[in-house]
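Trainee: I'm new to this one and would like a close look at a single part, with the rest filled in around it. Could you take me through it slowly?

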Amino acid sequence: MSLFYFDINDGLEAAYDDTGTELADRAEARKEALAVLAPVAREGLPDSMKCAVTVTVRDGAKRPIFHASLTLVEDWIE
Amino acid sequence: MNNVFARKLRNAGPLGPDDMERLEQVISDPFELGAREDLIHHGDDPENVHLVLTGMACRYKILPDGSRAIVALMLPGDICDLHVAILGQMDHSIGTLTDCQIVRIPKNTIADLLDNYPRIRHALFWSTLVDEAILREWLVNMGRRRSDHQMAHLFCEVHTRLAAVDQLYDSLMPLTQEELGDILGISSVHAQRVISGLRNQGLINVQDSRVSVQDFDALSEFAEFEADYLHLGEGRANGVDATAEHGAGRSPA
């Protein structure tokens, strides 16, 4: 198990993770990062989607190792 | 009164001296169990009902992918599995979350309480209905509330339930980030984000990754928490008097 930190920007506010989460490995950390994007985006709608919802994963030494973002595109047709 | 089981049941209505004496016998032989130990497994056909005297236990299911869903919390004074006295095989597991003191109550003791102690029978029925009400509230929580409101609501509930049995020593919730995620149906990382959010709003404190309520009123307002579904002090509130058959009348409205 290793410690990973997940900094999440929900489009309104950037939250810096100073606690971290114990996970098996980097692959597990990627899965967690992807899994958290959709619920965070959903809970912040509609305001959160004015810009992308992003997550940056840092390792135990607090170095960034992964980044993902979720963007919603919306337009009035008429 | 040291008997946390009696304290819990008294929320349903008054108990008499004979009830108190019987409940004293029921809890007289507890055993210790460490954190994260199973009391009963899914599929077991148990002979005893379990009662939590100290600590915290949970009702849970393990999904095929190995993840866990926690569907109930058992706090001091709570009976874990009254239904095993009636139903056969367990359809879920029960395990401790913290170090616990547990009492095993044989099925025939439960039968005796139900047959010969009407006030206790009433209170046990009440506690089963309250368990259902809590489950309803959790369902609403999971389906309809945002995760931050959902977590705040859970903290308010645990706080209120501990206070109702005089076990609220330091307002500390012995729940880890992972356990909170398994209760709320969100990932551990998401749970961590929600905890940080509530802490940054000054609603909770976090020490050594344990949460305590900082401002209950603000937290319950944030969570839109109404304690009515816990039905505390019910016997006094609605005039129900389980002692009626012993000649004591309803209290005047």
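What pattern does chain A follow when read along the sequence?

Mentor: Before anything else, keep in mind that this is a predicted model. Read along the sequence, chain A goes β-β-β-α-β-β. That gives chain A 1 helix and 5 strands. Its C-alpha trace spans about 50 × 20 × 20 Å along the principal axes. Of the 78 residues in chain A, 23% are buried. If you take the contacts in chain A with a separation of 6 or more, 50% of them come from residues 24 or more positions apart.

Let's zoom in on strand 4 of chain A, residues 53-58. This strand has two faces: A:Val53, A:Val55 and A:Val57 make up the covered one, while A:Thr54, A:Thr56 and A:Arg58 make up the uncovered one. Now look at what strand 4 pairs with. Strand 1 of chain A runs antiparallel to strand 4, and 5 bridges join the two. You can pick out A:Ile8, which stands opposite A:Val55 in strand 4 of chain A. That puts A:Ile8 across from a residue of the covered face. Strand 4 also pairs with strand 5 of chain A (residues 64-70), again in the antiparallel sense, over 6 bridges. Here A:Arg58 stands opposite A:Pro64 in strand 5, and A:Arg58 belongs to the uncovered face of strand 4. Strands 4 and 5 of chain A form a hairpin with 5 residues between them. In that turn, A:Lys62 has a positive phi of about 70°. As background, most residues other than glycine have a negative phi.

Strand 1 turns up again where chain A touches chain B. That contact takes 11 residues from chain A and 12 residues from chain B. On the chain A side, the elements that give two or more residues are strand 1 (2-9) and helix 1 (26-44). Helix 1 of chain A gives the most, with 5 residues. By type, the chain A side divides into 6 nonpolar, 2 polar and 3 charged residues.

Over in chain B, there are two domains to find: domain 1 covers 1-144 and domain 2 covers 146-230. Their centres, taken over C-alpha atoms, are 22 Å apart. The contact between them takes 20 residues from domain 1 of chain B and 18 residues from domain 2 of chain B. On the domain 1 side, helix 1, strand 5 (68-74) and helix 4 of chain B are the elements giving two or more residues. Helix 4 of chain B gives the most to that side, with 6 residues. The domain 1 side divides into 12 nonpolar, 4 polar and 4 charged residues.

Helix 2 of chain B (residues 17-26) is a nice one to turn around on screen. Its buried residues include B:Asp19, B:Leu23 and B:Val26. Looking down the axis of helix 2 of chain B, the buried residues fall within an arc of 50°, so they line one face of the helix. The other side of helix 2 has B:Pro17, B:Glu21 and B:Gln25, which are exposed. What covers the buried residues includes helix 1 (4-9), strand 7 (100-106), helix 3 (107-116) and helix 4 (118-144) of chain B.

Chain B also has an open sheet of 4 strands, in the order 2-6-4-5, with antiparallel pairing. Strand 2 (38-40) and strand 5 of chain B are at the edges with a single partner strand each, so one side of each has no neighbour in the sheet. From one strand to the next, the twist averages 35°. At one of those edges, strand 2 of chain B is joined to strand 6 (residues 93-96) by 2 bridges, and the two run antiparallel. B:Asp38 has B:Gly95 in strand 6 of chain B as its bridge partner.

Finally, two loop residues in chain B. B:Arg36 sits in the loop between strand 1 (31-33) and strand 2 of chain B. B:Arg36 is not a glycine, yet has a positive phi of about 60°. It counts as exposed because it has 11 C-beta neighbours inside 10 Å. B:His231 lies in the loop between helix 8 (216-223) and helix 9 (234-237) of chain B. B:His231 is not a glycine either, and has a positive phi of about 50°. With 18 C-beta neighbours inside 10 Å, B:His231 counts as partly exposed.

Methods: Residues are numbered from 1 along each chain as its sequence is written. Chains are lettered from A and ligands numbered from 1 in the order in which they are written. This is a predicted model: local features need pLDDT of at least 70, side-chain atom pairs count only at pLDDT 80 or more; totals for chains, interfaces and linings use all residues. A residue is buried if 20 or more other C-beta atoms lie within 10 Å of its own, exposed if 12 or fewer, and partly exposed in between; C-beta atoms are placed from the backbone. The arc is that of the directions from the helix axis to the C-beta atoms. Two residues are in contact if their C-beta atoms, placed from the backbone, lie within 7 Å. Ala, Val, Leu, Ile, Met, Phe, Trp, Tyr, Cys and Pro count as nonpolar, Asp, Glu, Lys and Arg as charged, and the others, Gly among them, as polar. Two strands pair if DSSP finds at least two bridges between them. Domain bounds come from an automatic or database domain assignment. Axes are lines fitted to C-alpha atoms, for helices over the stretch in contact, and angles run from 0 to 180 degrees between N-to-C directions.
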